[in-house]
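Here is a short tour of the structure shown below. Keep the sequence and the 3D view side by side as you read.

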Amino acid sequence: MKYLDEYRDGELTRKLLSEINQAVTRPWKIMEVCGGQTHSIIKSGLDQLLPPEIDLVHGPGCPVCVTPLELIDKAIALASQPEIIFASYGDMLRVPGSEKDLFSVKAAGGDVRIVYSPLDALKIARQNPDKTVVFFGIGFETTAPANAMAVMQAKNQGIKNFAMLVSHVTVPPAITAIMESPQVQVNAFLAAGHVCTVMGYWEYQQLVDKYQVPVVVMGFEPVDIARAILMCVKQLENGQAKVANAYARSVDEAGNLPAQDIINQVFETTDRAWRGIGTIPLSGYRLRAAYHQFDAELRFPEIQTINPQESSLCISGLVLQGLKKPNECPAFGKECTPQSPLGATMVSSEGACAAYYQYGRYAANLDQKEDI
Amino acid sequence: MSEPFDISTWTCPLPLQNYPTIVMGHGSGGRMMSDLIRHMFLPLLDNEVLHQLGDAAVLDIDLDLSRLAFSTDSFVVHPLIFPGGSIGDLAVYGTVNDVAMTGARPLFLSAAFILEEGLPMEKLGQITTAFAAAAEKTGVQVVTGDTKVVNKGHGDGLFINTTGIGLIPPGVQIAPGNAREGDAVIVSGTIGDHGMAIMSVREGLEFETRILSDTAPLHELVETMLAASLDIHCLRDATRGGLAAALNELAKSSRVGISFEEDRVPLQPAVKAACEMLGMDPLYVANEGKLVAIVNGEIADEVLAAMHSHPLGQEATLIGRVVVEHPGMVVSKTGIGGSRVVDLPAGELLPRIC
C-alpha cells in the first residue's frame with residue numbers, strides 16, 4: 001500500500017538500526033510520548049533490534065489510559081440512564097471504572113454505541129430526537145478538532161439532544177510534568193507525529209530551551225521510528241538539544257491552523273486529572289462558556305459528585321511516567337491481563353501494559369535464533 | 001450475493017400475504033406456522049426426507065469404513081444482509097466448513113430459525129432463498145428444521161442454528177492435535193475480508209469500500225487437497241478471532257509452536273487499508289471462507305499446487321512452519337526482522353481511538 005509499505009521497509013529499517021548502532025556509545029533513556037508509537041514499536045519487534053544502550057520508556061500518550069477513573073465512572077453513570085444513548089470510541093468500553101466497565105452497562109441494558117467519529121454520534125442524535133446522545137470526548141490534540149467540530153455543528157444545527165463528556169488532555173504540559181518530576185531521568189523525547197500534525201512543533205522549543213532535552217517529532221511506522229531514534233541519538237551523543245522533525249511528510253512547525261482554530265473556538269485550557277499521575281495544571285480542554293449547553297457534566301449535574309478512589313494494586317501511573325516497565329509490575333500477566341485489567345494501561349491496545357502483554361509477554365522464552 | 005427474493009414465484013402466497021412481517025402466531029404451532037413452513041421453507045429447501053416433516057429425519061448412511069463428522073453452529077450476524085452475503089448463506093457455509101475441517105464431505109444439515117416478531121416477510125424470503133441456494137451449491141440436503149418466534153426486542157431479527165453431518169473417507173486423519181515439528185502452515189487465501197465487510201456497514205463505523213465477505217463452502221477445496229495427499233494433519237476455518245485464533249488453537253492442541261512470516265500472509269489492499277484506518281490487526285479479523293492447513297512439510301508443494309487449481313485456493317500461501325520452540329505459542333516474524341507473540345484476542349475487536 002502506497003505511503004505505508006515504504007515506511008515498513010525491512011532493509012531501510014535495518015540500515016537505520018545499524019546507523020544507530022554505530023552512533024551510540026553510552027546508555028540513553030528515550031521516551032516515546034504516544035501510545036500508538038509504543039504499540040507500533042512492540043508490534044514490529046523494533047525494541048528487540050535496538051542496541052542495549054537505548055532504553056525506550058513509554059510515555060503518557062494513551063488517551064484511554066490517562067482518562068481519570070472519575071470520568072469513567074461518570075460515563076458509566078450516564079450510560080446507565082434509560083433516556084441516554086452513550087456513544088464512545090471503541091476501546092473506552094473495556095476500561096475498568098471503580099466497579100464495572102461500559103461493556104457491563106451495555107450488557108445490563110444501557111444503550112452504549114461504538115462510533116468512529118463524534119460526527120456519527122451527532123447523526124445518532126438526529127435520528128433519536130427523544131433521547132439524549134452523550135459522546136465521550138476524550139483524547140489528545142488529535143481527536144480535539146473533530147470533537148470540537150461535532151459540538152460546533154450541534155450548536156449551528158440546533159441539535160439540542162447532544163452533549164459531550166469532555167476529558168481532553170494535551171501533550172506539552174505532560175512533558176513538562178515529567179521533566180519536573182525529581183525521579184524521572186529521561187534524556188530525550190520522541191514527540192507524537194499526529195499531535196504535531198495538528199499542533200505543529202513550535203510549542204516544544206521552550207521545553208527544549210528550559211530542560212535541554214532533544215525533542216524529535218516521530219511518525220508511526222518502523223522506518224519513521226528508527227529514523228527519529230537515530231536523529232535523537234545523534235543529538236544526545238553530540239551534546240545537542242534541539243527540536244527536530246523526523247515526520248516531515250505530515251508535520252510542519254505551525255501545524256494545521258484551521259484545526260487549531262476550531263479547537264480554540266470551542267475549547268479552553270483547564271487543569272486536568274490524569275489517571276495514575278494526578279492533576280497537571282492547564283493540561284486539558286473543557287468547553288467554552290458559549291458551548292456549556294453541550295457539556296454533559298453541566299447538563300446532568302447529578303454526576304458531579306462522583307469521585308472514586310483508584311485501586312492501590314495498579315502501578316499504571318509509574319508506567320505512564322516512564323518510571324517502571326509494565327513487566328516490572330507484580331500484577332502483570334497475573335492478576336492483571338487484558339481479559340481482566342486492573343488499570344487502563346492494560347486495556348487499550350495503545351496502553352503500554354497491553355502492548356507488552358500482546359506482543360512481548362514471552363519475549364524471554366523466544367528462540368534466540370529467531371532474532372536478528 | 002443473494003438475489004432479491006422474488007415474491008411472485010411463491011406457491012400459494014395467500015396466507016402469508018396477510019402479514020408483511022413475522023407475528024407471534026407464526027411460531028404458535030398452529031395453522032400460521034404450518035403455512036410459513038409449507039409456503040416459505042419447504043418450497044425452497046424441499047427434498048424427500050424434509051418433505052415428510054417428521055419429528056426427526058431418518059437418514060440412510062452407508063458408513064462402510066468411513067467415519068461421521070458432526071458439528072453445530074449458531075449464526076447471529078448483524079446486519080442480516082451484508083456486502084457479499086447474508087445470514088442465510090453464512091448459516092450453510094459456516095457449518096459445512098466446520099464439518100469439512102475434519103476432511104469430511106458434508107451431506108445433511110438441520111436448520112433452526114428463530115424469528116423476531118416484526119421481521120419483514122420479504123427479508124425472511126430473501127434470506128431463506130440465499131440459504132437454499134447455498135445448500136444446493138454445496139450439495140447438502142436440509143433434512144430437518146425448526147421454527148420459533150420470539151417477542152419484538154427479544155431477538156435481532158433472525159437467528160439461525162444449523163447442524164451438519166458429513167462422511168470422513170477412510171485414510172483421512174485430520175485433528176487439531178496432529179501438528180508435528182517441520183509441518184508447513186498454509187493459509188488458503190486473503191484474510192480479514194468477512195470481518196471488514198461487516199465492519200464497513202456497522203452503525204457508527206460505516207465506510208465506503210468494495211470489500212465483500214468471503215463466505216464460501218470449503219469442502220471441495222478440502223477434497224482437492226486430500227486428493228493431492230492424505231498427509232494433511234490439521235485443518236481449521238479461520239472464523240471468529242481470525243487467523244491468529246486458528247493458529248493459537250492448533251498450537252495449543254498439538255503442543256507445538258507455530259512460527260510464521262507476517263509479510264507472507266495474503267491480504268487484500270482494501271482490507272489492509274480498512275484495518276489501518278480502524279486500528280485493527282487483520283490477523284484477528286474474521287473470515288468465512290478461508291482455512292488454515294498444517295501439512296507434512298515434505299508434501300507442502302503438492303498440496304499448494306492442488307489448492308492453486310481450485311477457485312477458492314488460488315491465493316493459497318505457505319506462511320510458516322511448526323516448530324518445537326515455544327510450545328502452545330504463535331510467533332510471527334515482522335517485516336523488519338523483529339518478532340512478536342501473536343496471542344489470542346482478548347475479546348471483541350475494538351476500533352482504536354487514534
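**Domains of chain A**

Chain A is assigned two domains: domain 1 covers 1-316, and domain 2 covers 317-358. The model is a predicted one. Taken over C-alpha atoms, the centres of domain 1 of chain A and domain 2 of chain A are 17 Å apart. Their contact draws on 32 residues from domain 1 of chain A and 26 residues from domain 2 of chain A.

Which elements give two or more residues to the side of domain 1 of chain A that touches domain 2 of chain A? They are α2 (35-44), β2 and α4 (63-66) of chain A. The largest share comes from α2(A), with 5 residues. By residue type, this side of domain 1 of chain A has 17 nonpolar, 12 polar and 3 charged residues.

**The sheet in chain A**

Now turn to the strands. Chain A holds an open sheet of 5 strands, in the order β2-β1-β7-β8-β9, with parallel pairing. At the edges are β2 (54-61) and β9 (243-245) of chain A, and each pairs on one side only. From one strand to the next, the twist averages 25°.

Look at one pair in detail. Strand β1 (residues 28-34) of chain A runs parallel to β2(A), and 6 bridges link the two. Across this pair, A:E32 stands opposite A:H58, a residue of β2(A). A helix, α12(A), packs on the sheet. It touches β1, β2, β7 (188-192), β8 (215-218) and β9 of chain A. The direction of α12(A) makes about 170° with that of β8(A).

Why is β2(A) largely enclosed by the rest of the structure? Of its 8 residues, 6 are buried, so the strand is largely enclosed. Strand β2(A) thus has two roles in this description: it is an edge strand of the sheet, and it supplies residues to the side of domain 1 of chain A that touches domain 2 of chain A.

**The nonpolar core**

In soluble globular proteins, nonpolar side chains tend to be buried together. Here, the largest nonpolar core has 236 residues. Within this core, A:A191 and A:V216 have the most contacts. Helix α12 (residues 222-237) of chain A gives the most to the core, with 10 residues. The helix that packs on the sheet, α12(A), is therefore also the top contributor to this core.

What does A:A191 touch, leaving aside residues up to four places away in sequence? The list is A:V33, A:C196, A:Y201, A:Y204, A:V215, A:V216, A:V217 and A:M218.

**Domains of chain B**

In chain B, the assignment gives domain 1 (7-168) and domain 2 (184-341). Their centres, over C-alpha atoms, are separated by 29 Å. The contact involves 20 residues from domain 1 of chain B and 21 residues from domain 2 of chain B. On the domain 1 side, α4 (87-100), β4 (105-116) and α5 (121-138) of chain B each supply at least two residues. Helix α4(B) has the largest share, with 8 residues. The residues of this side comprise 10 nonpolar, 6 polar and 4 charged.

**Backbone details in chain B**

Where is the cis peptide bond? It joins B:H78 and B:P79, with omega about 0°. B:P79 is found in the loop between β1 (67-75) and β2 (81-82) of chain B.

Two residues of chain B other than glycine have a positive phi, as the table shows.

| Residue | Phi | Loop in chain B | Other C-beta atoms within 10 Å |
|---|---|---|---|
| B:D64 | near 45° | between α3 (48-51) and β1 | 8 |
| B:H326 | near 35° | between β11 (317-323) and β12 (330-333) | 19 |

Are these residues exposed or partly exposed? B:D64 is exposed, because 12 or fewer other C-beta atoms within 10 Å count as exposed and B:D64 has 8. B:H326 is partly exposed, with 19 such atoms; a buried residue would need 20 or more.

Definitions and conventions:
Residues are numbered from 1 along each chain as its sequence is written. Chains are lettered from A and ligands numbered from 1 in the order in which they are written. This is a predicted model: local features need pLDDT of at least 70, side-chain atom pairs count only at pLDDT 80 or more; totals for chains, interfaces and linings use all residues. Domain bounds come from an automatic or database domain assignment. Two residues are in contact if their C-beta atoms, placed from the backbone, lie within 7 Å. Helices (H or I, at least four residues) and strands (E, at least two) are DSSP runs, numbered from the N terminus. Ala, Val, Leu, Ile, Met, Phe, Trp, Tyr, Cys and Pro count as nonpolar, Asp, Glu, Lys and Arg as charged, and the others, Gly among them, as polar. A nonpolar core is a set of buried Ala, Val, Leu, Ile, Met, Phe, Trp, Tyr and Cys residues joined through C-beta atoms within 7 Å. Two strands pair if DSSP finds at least two bridges between them. Axes are lines fitted to C-alpha atoms, for helices over the stretch in contact, and angles run from 0 to 180 degrees between N-to-C directions.
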